[in-house]
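Dear colleague,

I am passing on the structure we spoke of, and below it you will find my notes on what turned up when I went through it. Please read them with the model open beside you.

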Amino acid sequence: MAQEQIQIQAQKQQLVQRLSQQQMLQVKLLEMPLTELEESVNAELDDNPALESGEGEPDEMGTDESVEHADDDFDTQQEREERQDALDSALERMRSDDDLPTYDSRQQRNNAEYEEIVYGDTTSFIDKLNEQVGERELTDRQRDILEYLIGSLDDDGLLRKDLGSISDELAIYHGIDATTQELEEVLQLLQDFDPAGIGARTLQECLLLQVDRKVENGEWDRDGHLYKYVRTILASHFDAFTKKHWDKIQSSLSLSDLQVETLQREIRKLNPKPGSSMGETQGRNIQQITPDFIIDTDDDGTITFSLNHGNLPELHVSPTFNDMLAAYRDNKAGMNRQAKEALLYAKEKVDKAQGFIEAVKQRRHTLQVTMKAIIDIQRKFFQDGDEADLKPMILKDVADRTGLDISTISRVSNIKYAQTRWGTFPLRFFFTDSYTTEDGEEMSTRKIKLALKEAISKENKRKPLSDDALAKVMKEKGFPIARRTVAKYREQLGLPVARLRKE
């Protein structure tokens, strides 16, 4: 009786441990973006001979999420023969060794070397910037913020997000409470990286950074006419420059025709897209975003979405291993030691394959219910694409709708993207805090900031509005926020006080 209890306890402990490992696998796959998941699936296919890709049982991966395959019968047959050879080799080793066999995955193709041959340099400009991070003397906090800023750059190498939004994202997703002033200081470190112009927030700032770098490198003389004229044009006549009103610029600066030609030639040497200069325009060494969700909005406002399956194959357990297990189970009575070891080996691989398939299915289900909840809350934005229509939404709101943990929603929302009719956005874009007025009305802080930014952009630059005056303007616009709230949001937007905005 005592021995039976010990066995039951051992079985329970083993079950709990296995469930824990399965949960960890599900969490790991859930955090992965699509491209990383594809690599993980391929690695698992190489490592586990009981896991196969291609046509399997109809319900194993779910009929709703099936993906198209280009595998023909020859490839499937060849793959099965290779796996059968691996199984035979393992069983042969087992008959001459007392230890249980371990599947040898060292013969798998070296994907990194293969891709290097086919595609050339696979390093993105983001990777090259991160290499420069390692060359600087930074605190851990500076390094974390700097790497996040680098990850927020667009394909041109520019930072299109405002620092206020980045401050919010760092607080929500990484637990880093950084002010816009601190972000500004770290951004200046990034703008000192190569190539010049990287990390700029506007085209104007991008070009000015390159002009200043020419002086720092000794290419141009700080006191020379070339530097002074180019910088004046970009700093004080940028609107005329972008509209190619060179006659106005020439008249304003009293330039000769030859001087204008020289300045135009030098300005054309500046790069408006410094990120592109760090890699070829073709191939895979420029940063690319692969959306995990494809969201379609019809003209009548109907919204549908699907998961992007990319190159994910359909997975199933190898029939060879299933047949082997069945054959051994039917002959348990006369099973010798070698046969029992073979059964244990096959069962271990089959269990692992089934667990991986289940984890992939669970990932798909979690992504589906999370995206559905986000669309339900932010339906107006997906219909018209107006950022101001984004409602206040935090992780808990989506967790409550889906019945999932907040930590699970956080993992889904991190480094995953949704392709919409209005562009491709990171999932965290759809999350925004709320502001409650004195009357108890809840408003989206993002909508308030957009309205505030618009009010400042339309002010008379000779008489810019004070924070008190902006509070009155915001109230007239339907956003009754206090002066201190105006100051807070203005700082988060990276906009200076009135006296510094005066022209």
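Subject of the notes: cavity, helices, charges and a hairpin

Helix 2 (34-47) and helix 15 (337-377) each supply at least two residues of the lining of the largest cavity, and I begin there, with the reminder that this is a predicted model. The largest share of that lining, four residues, comes from helix 15. The lining as a whole is made up of Leu34, Leu37, Asp292, Leu307, Asn308, His309, Leu312, Val360, Arg363, Arg364 and Leu367, and by residue class it divides into six nonpolar, two polar and three charged. The space inside the largest cavity comes to about 80 Å³, and the structure holds two cavities of 30 Å³ or more.

Helix 15 also carries a salt bridge, in which the side chains of lysine 347 and aspartate 351 meet at 2.9 Å, N to O. These two residues are four apart in helix 15, and so they are separated by about one helical turn. Both ends of the pair have some access to the surface: lysine 347 is partly exposed, with a relative accessible area of 34%, and aspartate 351 counts as partly exposed at 30%. Salt bridges that share partners also join Glu44, Asp47 and Lys352 into one network.

In total, 31 salt bridges were counted in the model, and two others deserve a description here. Side chains of opposite charge can pair when their charged atoms come close. In one of the two, lysine 161 meets glutamate 169 with an N to O distance of 3.0 Å; lysine 161 is partly exposed at a relative accessible area of 22%, whereas glutamate 169, at 9%, counts as buried. In the other, glutamate 205 and arginine 201 meet through their side chains, again with 3.0 Å from N to O. Which of these two partners is buried and which is partly exposed? Glutamate 205 is buried, because its relative accessible area of 19% falls under the 20% cut-off, while arginine 201 is partly exposed at 25%.

Turning to helix 19 (residues 445-457), I compared its length with what its residue count would lead one to expect. At 1.5 Å a residue, its 13 residues should span 18 Å, and the C-alpha atoms at its ends are 18 Å apart, which agrees. Within helix 19, the buried residues are Thr445, Arg446, Ile448, Lys449, Ala451, Leu452, Ala455 and Ile456, a list in which the charged side chains of Arg446 and Lys449 appear beside nonpolar ones such as Leu452 and Ile456.

There is also a strand pair to look at. Strand 5 (residues 417-420) and strand 6 (residues 423-426) run antiparallel and are joined by four bridges, and the hairpin that connects strand 5 to strand 6 does so through two residues. Within this pairing, alanine 418 of strand 5 stands opposite phenylalanine 425 in strand 6.

Last comes a contact between parts of the chain that are far apart in sequence. Threonine 320, which is found in helix 14 (residues 319-329), is 271 residues from proline 49 in sequence, yet the two are 9.6 Å apart in space, C-alpha to C-alpha. Threonine 320 is partly exposed, with a relative accessible area of 24%.

With kind regards

Notes: Residues are numbered from 1 along each chain as its sequence is written. This is a predicted model: local features need pLDDT of at least 70, side-chain atom pairs count only at pLDDT 80 or more; totals for chains, interfaces and linings use all residues. Side-chain values use heavy atoms; hydrogens and water are left out. Two strands pair if DSSP finds at least two bridges between them. On a 1 Å grid over the protein atoms alone, a cavity is a set of points where a 1.4 Å probe fits but cannot get out, and a pocket is an open set with protein on both sides within 12 Å along at least five of seven lines; lining residues have an atom within 4 Å of a point. Grid points are joined across faces, edges and corners, and a volume is the space filled by probe spheres set on the points. The expected span of a helix is 1.5 Å times one less than its number of residues. Buried means under 20% relative accessible area, exposed over 50%, partly exposed in between (1.4 Å probe, protein chains only). A salt bridge is a side-chain nitrogen of Lys or Arg within 4 Å of a carboxyl oxygen of Asp or Glu.
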